[in-house]
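Thanks, everyone, for making the time. I would like to walk through one structure this morning, looking at how its helices pack and how its sheets are laid out, so please have the view open.

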Amino acid sequence: MELRRPKRIAVLCNYRLMPERVGGMDRFYWEFDKKGKALGHEIVWFFPNMASHGGYPDLTVYGAGNQSVEEFFLTYCREEHKTFDVVMTHFLELCTPFYKQIKALFPCKIVAVDHNPRPINGYPLKKKIGKLIKGVLYARYIDLFVGVSEYTKHHILKDFGSRLASKTQVVYNGIVHELYEKRKQRNLKKPSFLVACHLRYSKGIQDLIEAVSLLPNDIKQELHIDIYGEGEYRSQLLANIAKHHLDNVFAFKGSVPNLYEIYAQYDYLLQPTHMECFSLSILESLGANVPVVTTSVGGNEEAVKHGKNGYIFEPENVKALSGLLEKLFTGDIAITEATNQHIEANFSIEKMVAEHLKLI
């Protein structure tokens, strides 16, 4: 049996740490660090900023400040004369000169994890060509590409070249199932709905507002949808709501730290997103035994099965979403089976951490 020696691991994450909000990736970082150190590995983390909440005090963290994470890491390694056996990246652009620069500093294994969603209609031709060229120039310096869904894996190969198939694999995101309160009983008529996401155009909440505006007046009088999250698009969403006279339907709840307790207060999660890679909020909702109504983008259909644990519609199809909302509200359709069992078996943070540790 091969003996695995402890390794020095650098993890670079272009993910701004938010003390007021603990997400699924935060918990993954903490658990990966804990399990990695238990195996004898030395792990050093590089983020855009520092943090002292949750499990971050137990991590060795460097904040890039005014530099990019990539620039800071290269400067750190040069000035401190540091080397690593493994460099793992999350949320960084793939196939850039940065990966070549790492290999020029010291020999190591580079694992690049892709969490980035793609536009509905794909990239413009110029950008497509640019990505293929970057794949030719820089993909050789990345030892392993990891997609967080089959959708992501497909697009890594599409973006940078099918020749990368032999060194591209999937590791799904996971959640801490024990955290989530479970919905015990759903309303089969007049169900309650929530939205949980960052408030930006690509999340499609404007489509949801439009879909609600098409509903019969008697439904609009009784329907309530709570929106959790903050973002730059909030003012435009409020304007859309006022335009359609739907102030009685939508309530903005802001960003909250305890969504894991809140999902179970609702019957369905609505996620009309235009872009997704593999959504943690979908996993969280299903893990709380709350079905999901979402679009067919990204890896959504790898977790949501139409008519079994939720409903799928085409992105930007306002009429289809409106039809689903009407049927759900009147009880013409409903999800009655438990949604958490499949998620608990296949998308746990323990499995996610174990599979990431195998990569090194």
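Let me start with a pair of helices: in this model, which is a predicted one, helix α2, residues 69-80, packs against helix α3, residues 97-105, at an angle of about 10°, and their axes are 11 Å apart. Since angles under 35 degrees count as roughly parallel, that angle makes α2 roughly parallel to α3. If you select the residues that meet, you will find Glu70, Phe73, Leu74, Cys77 and Arg78 on the α2 side, and Phe98, Gln101, Ile102 and Leu105 on the α3 side. Sorted by class, the residues of this contact come out as 6 nonpolar, 1 polar and 2 charged.

Staying with α2 for a moment, the helix has 12 residues and spans 16 Å from its first C-alpha to its last, which is close to the 16 Å expected at 1.5 Å a residue. Which residues of α2 are buried? They are Val69, Glu70, Phe72, Phe73, Leu74, Tyr76 and Cys77, and what covers them includes α3 together with the strands β1, β2, β3 and β4. Just after the helix, His81 adopts a positive phi of about 55°.

Those strands bring us to a sheet. It is an open sheet of 7 strands, in the order β3-β2-β1-β4-β5-β6-β7, and the pairing is parallel. At its edges are β3, residues 60-63, and β7, residues 168-170, each of which pairs on one side only, and the twist from one strand to the next averages 20°. Towards the β3 edge, strand β2, residues 42-47, pairs with β3 in the parallel sense over 4 bridges, with Phe47 standing opposite Gly63 of β3. Helix α1, residues 24-38, packs on this sheet, where it touches β1, β2 and β4, and its direction makes about 155° with that of β2. Helix α5, residues 150-160, lies across β5, β6 and β7, and runs at about 165° to β7.

Now to another sheet, further along the chain. This one is an open sheet of 6 strands, ordered β10-β9-β8-β11-β12-β13, with parallel pairing. What are its edge strands? They are β10, residues 250-254, and β13, residues 310-313, each pairing on one side only, while neighbouring strands are turned against each other by 25° on average, if direction is ignored. Strand β12, residues 292-295, runs parallel to β13 and is joined to it by 4 bridges, and the bridge partner of Thr295 in β13 is Phe313. Packed on this sheet is helix α12, residues 318-330, touching β8, β11, β12 and β13, with a direction that makes about 160° with that of β13.

I will finish with another helix pair. Helix α6, residues 205-213, and helix α8, residues 234-243, pack at an angle of about 5°, with their axes 10 Å apart, and α6 and α8 are therefore roughly parallel to each other. From α6, the contact involves Ile205, Gln206 and Ile209, and from α8 it involves Leu237, Asn240 and Ile241. By class, that contact has 4 nonpolar and 2 polar residues and no charged ones, whereas the contact of α2 with α3 includes 2 charged residues.

Conventions:
Residues numbered from 1 in each chain as written. Predicted model: local features only at pLDDT ≥ 70, side-chain atom pairs only at ≥ 80, totals over all residues. Heavy atoms only, no water. Axes fitted to C-alpha atoms, helices over the stretch in contact; angles between N-to-C directions. Helix = DSSP H or I, 4+ residues; strand = E, 2+ residues; numbered from the N terminus. Parallel < 35°, antiparallel > 145°, perpendicular 65-115°, else oblique. Contact = heavy atoms within 4.5 Å. Nonpolar A, V, L, I, M, F, W, Y, C, P; charged D, E, K, R; others polar. Pairing = 2+ DSSP bridges. Expected span 1.5 Å × (residues − 1). Buried < 20%, exposed > 50% of the residue type's maximum accessible area, 1.4 Å probe, protein only.
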